[in-house]
Structures are given as C-alpha cells and as structure tokens.
Amino acid sequence: MSQIQLISGPGIPSIGDDIDTDRIIPARFLRCVRFDGLGEVVFQDDRAQMQGKHPFDQPQYQQAKILVVNGNFGCGSSREHAPQAIARWGIQAIIGESFAEIFFGNCVAIGLPCVTASSEQIKALQTAIAANPSMQLTLDLNNLTVAWEGNTSPVHLSAGAQQMFTSGTWDSCGQLLQGVDSIRTTAAQLPYLKF
C-alpha cells in the first residue's frame with residue numbers, strides 16, 4: 001500500500017465556484033472501459049471555449065502537481081471519471097474551499113488528497129501561483145499545512161481521510177492484496193465454497 005504524506009510541486013489555479021463534474025469531464029468521454037487517456041480531455045469543453053487560455057492548456061502550468069480551486073468543486077453527477085481525469089493529467093493533490101461529497105470520496109478512493117482552506121488562503125495561493133507558476137508548493141498531510149515561498153498555511157482534512165492517506169489504507173485493493181493469505185485461509189474453511 002502506498003502512503004501519501006507529502007506532495008510537492010508547482011500549482012495550477014482553477015478559478016470559480018461550482019465547477020461540476022460535467023465540466024471536468026464531459027459526458028461524451030464516459031464511454032471508455034478504462035480511464036487511460038482521460039487526462040488529455042480533462043476540462044475539454046472549457047478548454048475549447050477558452051481557445052488555449054485555460055490553465056490546463058497554458059505552458060507555464062504543464063508541470064503542475066497541485067490544483068487550487070474555489071468552492072463546491074466537483075459538484076453535479078457522481079462520475080468517478082472526473083477525479084481520474086484530473087489525476088491522469090498529472091495532478092497529485094487538490095486544495096480548495098470546499099468539495100462535493102461524492103467527488104471527495106471518489107478522490108480518496110484513488111489516492112488523490114483534497115484538502116480545504118479558507119477563501120482568503122485559496123485566493124492568496126491562486127494569486128501567488130499566477131504570479132510565479134514555477135513556484136513550489138508543499139502539501140504536508142501529516143501536519144496539515146501547505147507551504148510556499150516562505151509562507152505556511154493550515155489546511156483541513158477529516159481525521160479519517162488523513163489517516164487513510166498517511167497510513168496507505170486509502171487503497172482498498174492494496175489492502176485486499178496484503179491480506180490474500182488470510183482471505184485464502186478463511187475461504188478454505190467456508191463449507192459453501194468447497195467444490
């Protein structure tokens with residue numbers, strides 16, 4: 001299992017409240033059997049409308065690892081494709097004012113931390129990133145802080161989600177694989193599984 005405790009790298013701002021999952025990944029891309037290639041079409045319609053001016057198209061943000069968003073990010077439908085597309089683009093963590101509950105749960109399930117901060121902190125981060133896109137952010141999930149250019153701000157994450165990330169138990173498949181011997185032993189003792 002993979003522990004997630006520290007994420008460092010440049011940031012990318014996505015400004016605006018109520019950015020829903022239909023905007024993050026348009027419905028026509030949901031027909032895929034696997035999530036491969038979804039990173040290329042994240043925010044596809046918004047990017048097309050902005051004709052190269054969307055942050056996910058701008059060259060200065062192409063190495064970004066931390067997405068900084070505003071309120072109610074990921075609202076709308078419950079599609080798991082939305083966090084998959086964001087992660088497959090290269091994002092390793094999201095800092096925002098607030099997240100839709102199902103989006104947050106889908107992010108936890110794939111190891112994509114979503115932490116919250118105040119509106120003022122988010123605006124300060126977005127402004128700092130826009131002024132210096134190569135600036136390094138460091139999100140510390142053990143201490144629940146984000147640091148950049150000599151600044152440190154607190155972030156918030158529920159105790160359960162924090163424990164899952166820092167211990168590696170966010171990965172339910174990894175947990176099953178770790179316990180495969182116990183599963184086989186238990187299965188062998190169940191009378192209804194005997195052939």
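Two residues are in contact here when heavy atoms of theirs lie within 4.5 Å. Keep that cut-off at hand for the exercises below, and remember that the model is predicted.

**Exercise 1. Find the surroundings of Gln162, and decide whether Gln162 is buried or exposed.**

Solution.
- Start with the secondary structure: Gln162 sits in helix H6, which covers residues 159-167.
- Next, look for contacts beyond the four nearest places in sequence. Gln162 then touches Leu141, Asn142, Leu144 and Leu157.
- Now turn to the polar end of the side chain. One of its polar atoms is 3.2 Å from the backbone oxygen of Asn142.
- Finally, check the accessibility. The relative accessible area of Gln162 is 19%, and the limit for buried is under 20%, so Gln162 counts as buried.

**Exercise 2. Work out how strands E6 and E7 are arranged.**

Solution.
- Locate the strands first: E6 runs over residues 145-148 and E7 over residues 151-154.
- Then follow the bridges. There are four, and the pairing is antiparallel.
- For one of these strand residues, Thr145, the bridge partner in E7 is Pro154.
- Last, inspect the link. Two residues separate the strands of this hairpin, and Glu149 in the turn has a positive phi of about 40°.

**Exercise 3. Place Ser158, and say how far in space Ser158 is from Thr145.**

Solution.
- Walk along the chain past E7: Ser158 belongs to the loop between E7 and H6.
- Compare the positions of the two residues. Ser158 and Thr145 are 13 residues apart in sequence, and their C-alpha atoms are 14 Å apart.
- Then classify Ser158. A relative accessible area of 43% falls between the limits of 20% and 50%, so Ser158 is partly exposed.

**Exercise 4. Step back and describe the whole chain: its elements, its extent and its surface.**

Solution.
- Begin with the elements, which are eight helices and seven strands.
- For the extent, take the C-alpha trace along its principal axes: about 65 × 40 × 25 Å.
- For burial, 44% of the 195 residues count as buried.
- For the contacts, consider those with a separation of 6 or more. Residues 24 or more positions apart make up 68% of them.
- For the surface, the chain exposes about 10000 Å², of which 52% comes from carbon and sulfur atoms.
- To finish, add the charges. There are 12 positive and 17 negative side chains, and 9 Å lies between the centres of the two sets.

Key: Residues numbered from 1 in each chain as written. Predicted model: local features only at pLDDT ≥ 70, side-chain atom pairs only at ≥ 80, totals over all residues. Heavy atoms only, no water. Pairing = 2+ DSSP bridges. Buried < 20%, exposed > 50% of the residue type's maximum accessible area, 1.4 Å probe, protein only. Areas by Shrake-Rupley, 256 points an atom, 1.4 Å probe, with all protein chains shown as cover. Lys, Arg positive; Asp, Glu negative; His and termini not counted. Charge placed at Lys NZ, Arg CZ, Asp CG, Glu CD. Polar contact = N/O pair within 3.5 Å; in protein donor to acceptor, adjacent residues only side chain to side chain. Lists of a residue's contacts leave out its neighbours within four places in sequence.
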